[in-house]
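Work through the exercises below with the sequence and the model open. Each task is followed by a worked solution.

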Amino acid sequence: MNDSRILLRAQGDAGAIPIPRVGERERTAAQSGVITTTISQVIQWGRYSSIWPALFGLACCAIEMMAVGNSRYDMSRFGAEVFRASPRQADLMIVAGRVAQKMAPVLRQIYDQMPEPKWVISMGACASCGGIFNNYAIVQGVDKVVPVDVYVPGCPPRPESLLDAVVKLQKKIAAEPASLRG
Amino acid sequence: MLQAKLPEAVLRRDEAFGEETVYVAREHIVAATTLLRDDPDALYRMAVYVTAVDWPEREPDEPRFDIVYQLRSLQYNDVCRLIVQITEDDPHVPTLEKVFSGMDWHERECYDLFGIVFDGHHDLRRILMPEDWDGHPLRKDYVSFGEPVAFTHNIEWALPANERPPGMPGSAR
Amino acid sequence: MAAILPPDLPELPPPPPDAEDPFAIARAALGVGTENDAVELVQIGDQTMELNMGPQHPSTHGVLRLVLDLDGEVVKECRPDIGFLHTGFEKSFESHTYQQCIPLTDRMDYLAPPINNFGFSLAVEKLLGVDVPPRGQYIRVIMCELARLGSHLIWFGTHALDLGATTPFLYAWREREHILDINELVSGVRMMTSFIRVGGLMADVPDEFGGMVEQVITTFPKRIDEYELLITNNPIWVERTRGLGVLTAEDCLQYGASGPMLRGSGVPYDLRKAQPYSSYDHFEFDIPIGTHGDVYDRYLVRMQEMRESVRIIEQAYRNLPGGPVNTSDRKVALPPRNEINTSMESLIHHFKLVTEGFRTPKGQIYSAVESPRGELGFYMVSDGDNTPYRCKVRAPSFSNLAALPHMVRGELIADVVAVIGSIDIVLGDVDR
């Protein structure tokens, strides 16, 4: 199981998502419509441009996740509006909401059912660290159950925060070599 | 009114904040609620909830648990509250499932969170906590343990589970 | 009180007398008898399959697990398994002061958070015996009715989405953004406002509040018309929801179902009219009630409730009185900032309230408000301390959901989804 504590390093200029680069020698070739890149970069470009989240809205954060998918804060712009009901068809699990003790094994099972490559965004304070519920009933952070790639603070996080998390995840995917997750 | 019709059930009455509370003996609770539901002067036909309150300091003089029933009458636009007091050694109460079908889930929740056993319930098992959970969370002696906030002096709480020093309490399932 | 007249629809077929035949409902709906069967249907044995509609499911409106005993597509028995969102609110209440409990209450029924705040505040105010000034009461009513609108919009969007209509989902959320903008204006938070507190409100509303409420008042009735145009007389919707999930008035009372479930079955009981709180009796509004108690009637009840909510908001806003929004009892509500600079007593009150909170007298009360789901009650027991000794939350969705097995026995699987949508459950409320 991958340890996903890979620190995100800024690549190139701060806002840009790396795209396949044109090599020096092939400038004239590029003018005729050929670009060179690495296979890894292209694969990762494909992966981050159409992330399919699995429906895992648990509590209040799920409502904000639905708001992100709707017209005002459109997640389709980032390629991620197709929420798949079946985890077998998804590659991103946005854990949106508090995870109760009874739900933790279910969470793990859904995570295991997702095929590689897969990523996890822990949305909201409750998913990241237990939130305001420091008691017997809530798992204090889903990283006790599944490995997490991006943590989003907030209660619930603003839709823009979740979009920022998706963008950060895209940068993270772009920075990874394609073979890391099979 | 309950006093008039079923005097042996009523132990005492309390009135505060504009509301009335009737303390009922355990053996008569089913008869009392059936009477309140069917009597044309009362017609408390809506089951609002069943819950319990834990007063551990009252023991051993007084019973520890207060089982609170609340019924609502739509016709007379009124609520009434009945309390049955039971001790910890004998936490059994007759079930009201036959009187109100909605009490079924409320009684299961009471069993789950307090450990009150409702005699005659068809399926008394945990409803909110996992089936194999130990303990009854809402009792006062159940310490609700989450996780301490990690500072520099207790930084081991912020480490992942496999890097912590051994012997720390409170591992998640 | 106005009863809703259903649109001009053909009469439902009479319910089939034969409970043995698993296809009885389908036969009655289609009006065919056994003579048209291509093969002779003989019951060989009991072929009940246990199907798990798991906690992770697009149509269960949260983490609800249903274990269905199926015979083909017909549901013989349904056993809901809840507790996948149990948060231990009631235990947490016991270790927080009353003011600290307010943000916790936000997260219970998370589709209409101000109403949870409202219920809790009313309960504590009843214990304390404080009154909120009229301006505070009116603004509370406006925020609660906006929350009710928001909650019904989510119900509408998700219910329609479950039954296959994807457009209303986007429309409903577009409208809801306007309501969330108002929330953000008054409290800074889109959803979990914690705006309604014990003794009044967090603060008075800013000036832009008026313009935004006006916009809601003028645009929403047309929007609700738009939704009704899409759905109400739609033959697919009518076919899928009429006659389904019938709950008689007697059943509702037995299960303790309240709110639109009770009103859809014909019982004209609404806590805002029956036991008016926070000056609801100053406003004129109707209570929509249904006749059959099926999914379609509950849908009509909620659509009409949306219109009535807009009506209440308009009346409250037009007649909004001036004055303070918080009670003048300094032992409960924070004193205004300028007073702290001049009065020593106010400073001490502020200090005590912020560090310790107020203490309530000993006793127990029950106070209920009308949430979009039904009767949201708070049974509060106090032992004279600054934290609730026991605060039981009577969640409407818990009792409403208890009626689910009764409603879906004998229905098809696809209808289970429709019935769950019509109950309008919020798992945060069910599991607390």
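The structure is a predicted model.

**Exercise 1. Chain A in outline**

Task: State how many helices and strands chain A has, and give their order along the sequence.

Solution:
- Step 1. Chain A has six helices and four strands.
- Step 2. Their order along the sequence is α-α-β-α-β-α-β-α-β-α.
- Step 3. Chain A has 182 residues, and 49% of them count as buried.
- Step 4. Take the contacts in chain A with a separation of 6 or more: 77% of these come from residues 24 or more positions apart.

**Exercise 2. A proline in chain A**

Task: Locate A:Pro105 and decide whether A:Pro105 is buried, partly exposed or exposed.

Solution:
- Step 1. A:Pro105 belongs to helix H4 of chain A, which covers residues 104-113.
- Step 2. The relative accessible area of A:Pro105 is 46%, so this residue is partly exposed; the partly exposed class lies between 20% and 50%.
- Step 3. A:Val145 is 40 residues from A:Pro105 along the chain, and the two C-alpha atoms are 8.2 Å apart.

**Exercise 3. Cysteines and disulfides**

Task: Count the disulfides over all chains, then explain why A:Cys155 and C:Cys252 are too far from the closest cysteine sulfur for a bond.

Solution:
- Step 1. The count over all chains is zero disulfides.
- Step 2. The cut-off needed here is 2.5 Å between two cysteine sulfur atoms.
- Step 3. For A:Cys155 the closest cysteine sulfur belongs to A:Cys126, and because the separation is 5.3 Å, the pair is too far apart for a bond.
- Step 4. For C:Cys252 the closest cysteine sulfur belongs to C:Cys78, at 17 Å, which is also too far for a bond.
- Step 5. As to accessibility, A:Cys155 is partly exposed at 27% relative accessible area, whereas C:Cys252 is buried at 0%.

**Exercise 4. A glutamate in chain C**

Task: Decide whether C:Glu125 is buried or exposed, and list the residues in contact with C:Glu125 beyond four places in sequence.

Solution:
- Step 1. C:Glu125 sits in helix H4 of chain C, residues 113-128.
- Step 2. The relative accessibility of C:Glu125 is 5%, so C:Glu125 counts as buried.
- Step 3. Beyond its neighbours within four places in sequence, C:Glu125 contacts C:Val130, C:Val132, C:Arg140, C:Arg197, C:Val198, C:Gly199 and C:Gly200.

**Exercise 5. Two helix pairs**

Task: Describe how H7(C) is placed against H12(C), and how H3(A) is placed against H6(C).

Solution:
- Step 1. A pair of packed helices is described by the angle and the distance between the axes.
- Step 2. In chain C, the axes of helix H7 (residues 208-231) and helix H12 (residues 295-318) come within 10 Å and cross at roughly 160°. H7(C) is therefore roughly antiparallel to H12(C).
- Step 3. The crossing of H7(C) past H12(C) is left-handed. The contact between H7(C) and H12(C) comprises 13 nonpolar, one polar and six charged residues.
- Step 4. The axes of helix H3 of chain A (residues 60-68) and helix H6 of chain C (residues 167-187) also come within 10 Å, with a crossing angle of roughly 105°. H3(A) is therefore roughly perpendicular to H6(C).
- Step 5. From H3(A), A:Ile63, A:Met66 and A:Ala67 meet C:Phe169, C:Trp173, C:Arg176 and C:Glu177 of H6(C). By class, the contact of H3(A) with H6(C) has five nonpolar, no polar and two charged residues.

Key
Residues numbered from 1 in each chain as written. Chains lettered and ligands numbered in written order. Predicted model: local features only at pLDDT ≥ 70, side-chain atom pairs only at ≥ 80, totals over all residues. Heavy atoms only, no water. Buried < 20%, exposed > 50% of the residue type's maximum accessible area, 1.4 Å probe, protein only. Axes fitted to C-alpha atoms, helices over the stretch in contact; angles between N-to-C directions. Parallel < 35°, antiparallel > 145°, perpendicular 65-115°, else oblique. Left-handed = near helix turned anticlockwise from the far one by under 90°. Nonpolar A, V, L, I, M, F, W, Y, C, P; charged D, E, K, R; others polar. Contact = heavy atoms within 4.5 Å.
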